[in-house]
Amino acid sequence: MSKAETDISNRIRIELSKLGARMFRNHRGKHLTLDAKRVVTTGLFPGASDLIGWTAVEVTPEMVGRTLAVFTSVEVKFGKGQATEDQQGWLDAVTADGGIACVARSPEDAREAVLVRIGLALRALTVRV
């Protein structure tokens, strides 16, 4: 992730925390162990987004008043960067299973995507703001 994407990523995490989201950096890569005897792969599934976490959603009184954690996945891009095929597949799978997934180039992009997706995917729920 470039310095510009890292800056955007950090700002997105701060902005989404205001919506009740808890986002964590998913660093994917391959690294040599300190003894240089083996390669260790880190991170989630290939294509998994840069930011992984959940958004706290409060269920309305008609739905028992419970708060749920909705899986949230944000692919951070800078400039005109596009999601790879693996990344888009990940985002599509998260969305298909009821999670929140998006590509964001700014904190505002991420905030809008989360609010829109909560409204579309979870119409009966209200987000804690």
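**Leu 51 and the nonpolar core around it**

Leu 51 touches Ser 9, Ile 12, Arg 13, Met 23, Phe 24, Arg 25, Thr 72, Ser 73, Val 74 and Val 76, leaving out residues up to four places away in sequence; such a contact means heavy atoms within 4.5 Å. The model is a predicted one, in which local features need pLDDT of at least 70 and side-chain atom pairs count only at pLDDT 80 or more, while totals for chains, interfaces and linings use all residues. Residues are numbered from 1 along each chain as its sequence is written, and side-chain values use heavy atoms, without hydrogens or water.

Leu 51 is also among the residues that touch the most other members of the largest nonpolar core, which has 18 residues. A nonpolar core is a set of buried Ala, Val, Leu, Ile, Met, Phe, Trp, Tyr and Cys residues joined through side-chain atoms within 4.5 Å. Buried means under 20% relative accessible area, exposed over 50% and partly exposed in between (1.4 Å probe, protein chains only). Helix 1 (3-17) and strand 4 (51-59) are among the elements that each supply at least two residues of this core; helices (H or I, at least four residues) and strands (E, at least two) are DSSP runs, numbered from the N terminus. Helix 3 gives the largest share, four residues.

And how is helix 1 placed? Its buried residues are Glu 5, Ile 8, Ser 9, Ile 12, Glu 15 and Leu 16. Seen down the axis, they fall within an arc of 130° (taken from the directions from the helix axis to the C-beta atoms), so they line one face of helix 1. The face turned away from this buried side carries the exposed Lys 3 and Ile 14.
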